[in-house]
Amino acid sequence: MQTLRAIILSSLLLLVAIPVWGRVFVEWTEPAVPSTASLGVKDLVIPWGPDKIQLMNAAKERGYRVYARVKAQDAAAGVEAAASNGLAGIIVEDDSSEPGQGIAHKVVQKLRNSYPGISFLVLDPGGKQPQIMGNMVQKKRGVLVVSSPTRAPWIDSNVALARFERAFQPGQPPLFSFSWDLTDPLEKKLGPRAEDYALTVAEAGALHADVVLSIHPNLQKGLAERDKAAWREWDRVKTYLSFYSKERNPEPQPVAEVAVVTDHYEDAYEAMNLMARHNITFRVLSPNEVTAQGLSGSRMVIMFSHPDAQAAHALQAFSAAGGTVLVADPHGPSHWEPLPSVKASDGASYKIERGQTIESSQVAGDPGAFAEKVRNLLRGQGPLIYVWNAVTTLAFAYRAPQAGGMVLDLVNYAQEPLQVQVRVKGSFPSIRYETPEHGFYPALKPEIEHGFTQFVVSHLEIGAQVYLSPKAKPTE
Amino acid sequence: MRWSKAFPASAVLLVMVVAQAWPSVHGDQLAYRKKYAMGTVFEIVAYGPSPDRTSHAIEQAFNEVIRLDHVMSDYIPSSDLSRINRTAHYRAEPVPADLYQVIQQSLVYSRLSAGEFDITVGPLARLWKAEIRDDTVPTAAEEQKLRRCVGWQKVILEPPDRVEFRSSCMAIDLGAIGKGYAVDRAAAVLRSYGIDRALINAGGSTIFAMGSPPGRSAWVVHLRDPSGKLGPEVRLNGNSVSTSEQTHDPKPGKTPFGHIIDPAKGVPVKTSDSVSVVAGTATASDALSTTLLLMGPARGKMLARKLPQVAAIWISRQGKSEMVSNGPRIILGRSAGPKR
C-alpha cells in the first residue's frame, strides 16, 4: 500500500515538474475580475497580501488557476495561504541581479519538500519591456540625452535573460516579469497599448518562456466593468494569447549555432543581447558543461569564463573537428600560446586542424563589434538565419518534431507591419506561414540555392511562425 | 532605399544632448513618444500646457510620417514613388503634392551641387544593395548599364502635379531627402496643434528643433564624432541638423561597400568622414548632409558658403575636422557626448 502511495506521489510530483512553456500569467490587482473564458488566460497572479484572499477566492471561482506572487522572504507565509486557500501555486521573486543565483531557489527548494502538492515557480523580475528604443532618453534633473550604442534601432528584448535562465534554472521554463516603461503622460494615464501586450506575449512565446504580464489598472477596471473600448483592446491581445498557447507536443527543441559559456550574467549580457539582435542563435552553458557532449551540435563556442585545463582539452577537440572557439575572456594563462598564431590588436588566433581558436578582448570594448565579429566568423559556412529589410525583427529557430523540419518564430519589435525576407540554412521546399491575425497564409514559394532556403514573408505585424519542411507537400 | 542615412543595420550614430528640460514658468509639461517609421525610430519631445493634447499632437505627427512613408518609400510596392518608378518612363504621371514637392526640392539640390546630389541613383543603389545581400560584386558591365539610367536632368516636372522620366530605366530613391521632408511635415502638424517647443528626432540622423526648452534659448545637440575626440555640439532653435556617414565595410578586404552612391562614379563613395549640416529646414539639412559628404570639405565648403544660415562640419576618424558656417555655430571641445 505504501509503495502504491509512493508511486502515486512521485507520479504527481513528476506531473508538477513537467515543464510547460510559453505560459502567460496575467497579474491582477483590481477587486473584480472577468471570467477566465472571456480574458483568454487560465493562470492569474495576484500579489500576495492577507487582504488579497478575497480576490484570490473570487478569481478561483471564476475559473482561474491562481498563483500568489511573493518575495522570497514572504514565501513561507504565502505558501501557507496557498495551501489553505487551494491556490494553484506560488511565484517567488528572485532577489539577485544574477539570474538563478538568489535565495529564492533555496527557499523554493525547501518549501517544495514541505508542500509537495503546490506548484512553485521562481520569477526573475529583472526583465525588460520588449520594445524598440530611440536614442533620446531622459536623465535626472530633466536633462534629455540622445545616444546610440548600436547603429541599428536598439531593441530591448529578454532573449539573453531567457537563455541564461534556461541554463541555470533547468527545473522550470524561464519565467520573468518587467515594469512597463511609460514615460509619456498619456501613456502613464492610459497604460500600454494592445500592441505592447501582444508583443510581450509574442516574445515570451517565441522564446518558449513564461511571463508575468502586468495589466494597467485602467485596463483592469475597464475589463471588469465591461467597458467596450477596453474589451476591444483586450480582444487584440487575446488573439496573441490564443496563438501562443497552442498545444505543441513534444516541445520543439531550440536550434543554436553558438554555445555561450558563462556563469556571470552581467559579463556576457551585452554580447548576448547584441548576438540576439544579429539573429545569431545561441544557448548558454555553464563552465562545467564544456565537454564533448555539452558542445555537440554547436558550430562555435564563446568563452566568457576562463577555461580550465579540462575545458581547454574539450575546446581543443572541438576546434580540431572544425569548430570555432572564441575566448572572450583571455585573462589568465593562455592554453593555446605555444601554438603558431596570428596576432591581432585585440588578441590572437590559432589554426587548429579543421577549425580555429581566437582569443579576443574586443567584447569589453565594443560588444556591438564583437557581435559583428561572431556574425562574420559564422559567415564562412553561412549563418543559420539571415533576415533582411527588418532590422526590428528577431528570429528564433526550433527543430520541428517532424524529421528534418524547422519552426521559425518571428517577432517584430517595431509593431508596424513589415515585409521580411528570410534565408535559412538547409533545403525546405515546403513552407507555411501562420500569424495570430490571419492564421495560415497560402504556402510560401521558397527559392532553394547552395544549401539555403530563401523566402519572403509579406506581412509581419508582431509575431508569427514559419513551418519549414524538407519534404514538398504533394498539393504544392 | 529605406530612408536611413545609412544602410538599415547602420543608421548614423549621432549623439545629442537636449538642454535642461524642466517645466517652464508657464507650467508647460513635457510629452515624449517614439514610433518606428521609415526604417528608423522617430522620437518627439514636446512641451504643452495639456499633456494629453500634446501627446495626441505627437501621435498625429507620427501619423503624418507614416502617411508620407506610403507616398515616398521605394520599399513599399504600393507607394506613389514605387508606382512612378514603374510607370513614369516617357509618360507624365500625376503624383501627390508631397511627392511633387520633394522631387522639386531634390532637383534644386542637384542643380546647386552640379549633380552630386541625385535622387536618380535608385538603380545603382539597388545594385549595391544586392551586393550586400548576395555577397557578390556587380560586374563593370552591369554598373555601366545602370549608370545610363542615372541623371537628374532626365526628371521632368510638369506643374502642377506630373512627373516624367526621360529614360527607360530610371528609378528615384528619396533616401537622402525624404526623411528630412517628413520631419518638416511632422513639425507642421505639431504647430497646427499650437505646439511651439519640440524636438523631432528621426533616428538620430535628422533632428529638427522647434523653439527651445522652457527657460533656455536653444536645444543643445551633440553631433556625431567618429574620432570621439572633438565633442562637437550645436544649439538649435527653429532649425535642423542632419548627419551623414558612409556605411562601413562589414567584410574587410572586399570591394567598396556602402549605401551612399557617388552618382558620377556609380560606386559607393569611399570615405570614413562624418558630415553634420545645420540648416533652416530638415529637408535642407538632410539633403545637404549627403551632398557635402559626397563633395568633401574642399568643394563642400564652397557650396555651403553660398547658402544662408547653413553650417557644416566634416570629422575624420582620426579627429581632423573642417568647418564652415554662414550663421549657426558648431562648437568643439566640450565633452565627447553622453553614453547610454
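## The nonpolar core

A nonpolar core is a set of buried Ala, Val, Leu, Ile, Met, Phe, Trp, Tyr and Cys residues joined through C-beta atoms within 7 Å. This is a predicted model, and its largest such core holds 235 residues. Within this core, Ile90(A), Val92(A) and Ile302(A) touch the most other members. Helix α7 of chain B, residues 282-305, supplies the largest share, ten residues. In soluble globular proteins, nonpolar side chains tend to be buried together.

Take Ile302(A). Leaving aside residues up to four places away in sequence, Ile302(A) touches Val258(A), Val260(A) and Val261(A). Ile302(A) also touches Leu326(A), Ala328(A) and Val374(A).

## The six-stranded sheet of chain A

Chain A has an open sheet of six strands. The order is β12-β21-β22-β28-β24-β25, and the pairing is antiparallel. Strands β12 (253-254) and β25 (439-440) of chain A form the edges, each pairing on one side only.

At the β25(A) edge, the partner is β24(A), residues 430-435. Two bridges link this antiparallel pair. Glu434(A) sits opposite Phe440(A) of β25(A). Helix α8 of chain A, residues 194-207, packs on the sheet. Helix α8(A) touches β21 (393-399), β22 (406-412) and β28 (463-469) of chain A. The direction of α8(A) makes about 155° with that of β22(A).

## The three-stranded sheet of chain B

Chain B has an open sheet of three strands, ordered β4-β6-β5, with antiparallel pairing. Strands β4 (93-94) and β5 (155-158) of chain B each have a single partner strand, so one side of each is left without a neighbour in the sheet.

Strand β6(B), residues 162-165, runs antiparallel to β4(B), and two bridges join them. Glu93(B) stands opposite Val163(B) of β6(B). Helix α3 of chain B, residues 97-112, packs on this sheet and touches β5(B) and β6(B). Its direction makes about 130° with that of β5(B).

## The β2-β3 hairpin of chain B

Is strand β2(B) enclosed or open? Eight of its nine residues (29-37) are buried, so β2(B) is largely enclosed by the rest of the structure. Buried here means that 20 or more other C-beta atoms lie within 10 Å of the residue's own.

Strand β2(B) runs antiparallel to β3(B), residues 40-48, and nine bridges join the two. Arg33(B) has Ile44(B) as its bridge partner in β3(B). The hairpin has two residues between the strands. Met38(B) takes a positive phi near 50° in this hairpin.

Conventions:
Residues numbered from 1 in each chain as written. Chains lettered and ligands numbered in written order. Predicted model: local features only at pLDDT ≥ 70, side-chain atom pairs only at ≥ 80, totals over all residues. Pairing = 2+ DSSP bridges. Helix = DSSP H or I, 4+ residues; strand = E, 2+ residues; numbered from the N terminus. Contact = placed C-beta atoms within 7 Å. Axes fitted to C-alpha atoms, helices over the stretch in contact; angles between N-to-C directions. Buried ≥ 20, exposed ≤ 12 C-beta atoms within 10 Å, placed from the backbone.
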